[in-house]
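Hi everyone, thanks for coming. Let me put today's model on the screen, and then we'll walk through it together.

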Amino acid sequence: MVDAMDFLARAVLIGTGATVVMDIWGMVRKRLLGIPSLDYALVGRWLDHLASGRLRHDRIAASPPVAGERVIGWAAHYLIGIGFAGVLLAIFGLDWARQPSIAPALIVGIGSVAAPFLVMQPAMGAGFAASRTPQPWAARLQSLLTHAVFGVGLYAAGWLVSLVNS
């Protein structure tokens, strides 16, 4: 029971911290490079339509807006980050969380790019790995960089949580 609570607490803290790092990267990227971040309201819209039985959209932005889509999208964004932190801990164990190292965090962070490439982008109308976007390779590179930053965030948050718990 203690390990389960430790696992859950660390997953929440590490996942939240890593997602914050990813969001900071999005703000820096927008300011320095003019590349906008993902509009999480569209994620919320997709999730609401998904709950109603509609998986795929030609263009999610053209689908009817739903009440609370921004809140739904942002909540999902952080819950997904927590979920991937849980994956990290499930694969590499609580020992990783007590003494974090960068490689496992990067493996999970970069590996998490599979979710948008294989599920979200196709379902939201952008195609497999952003193939239907105006500049697919640029979109793929930005996704890969963002998820690598998420991996760095997993490591940094893991390190911070381990310091607080020691």
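Let's begin with a puzzle: which side chain of opposite charge is nearest to Asp23, and how many Å away is it? Before I answer, a word on the source: this is a predicted model, where local features need pLDDT of at least 70 and side-chain atom pairs count only at pLDDT 80 or more, while totals for chains, interfaces and linings use all residues. Residues are numbered from 1 along each chain as its sequence is written, and side-chain values use heavy atoms, leaving out hydrogens and water.

So, the puzzle. The nearest oppositely charged side chain is Arg29, 9.2 Å away from Asp23. Asp23 is buried and has no salt bridge. Buried here is under 20% relative accessible area with a 1.4 Å probe, protein chains only, and a salt bridge is a side-chain nitrogen of Lys or Arg within 4 Å of a carboxyl oxygen of Asp or Glu.

Where does Asp23 sit? It belongs to helix 1, residues 2–33. Leaving aside residues up to four places away in sequence, Asp23 touches Tyr40, Trp74, His77 and Tyr78, with contact meaning heavy atoms within 4.5 Å.

Now let's zoom out. The chain has six helices and zero strands, counted as DSSP runs: H or I of at least four residues for helices, E of at least two for strands. Of its 166 residues, 42% are buried. Among contacts between residues at least 6 apart in sequence, 70% join residues at least 24 apart. Finally, the C-alpha atoms fill a box of roughly 50 × 35 × 25 Å along the principal axes.

Methods:
Buried means under 20% relative accessible area, exposed over 50%, partly exposed in between (1.4 Å probe, protein chains only). Lys and Arg count as positive and Asp and Glu as negative; His and the chain ends are not counted.
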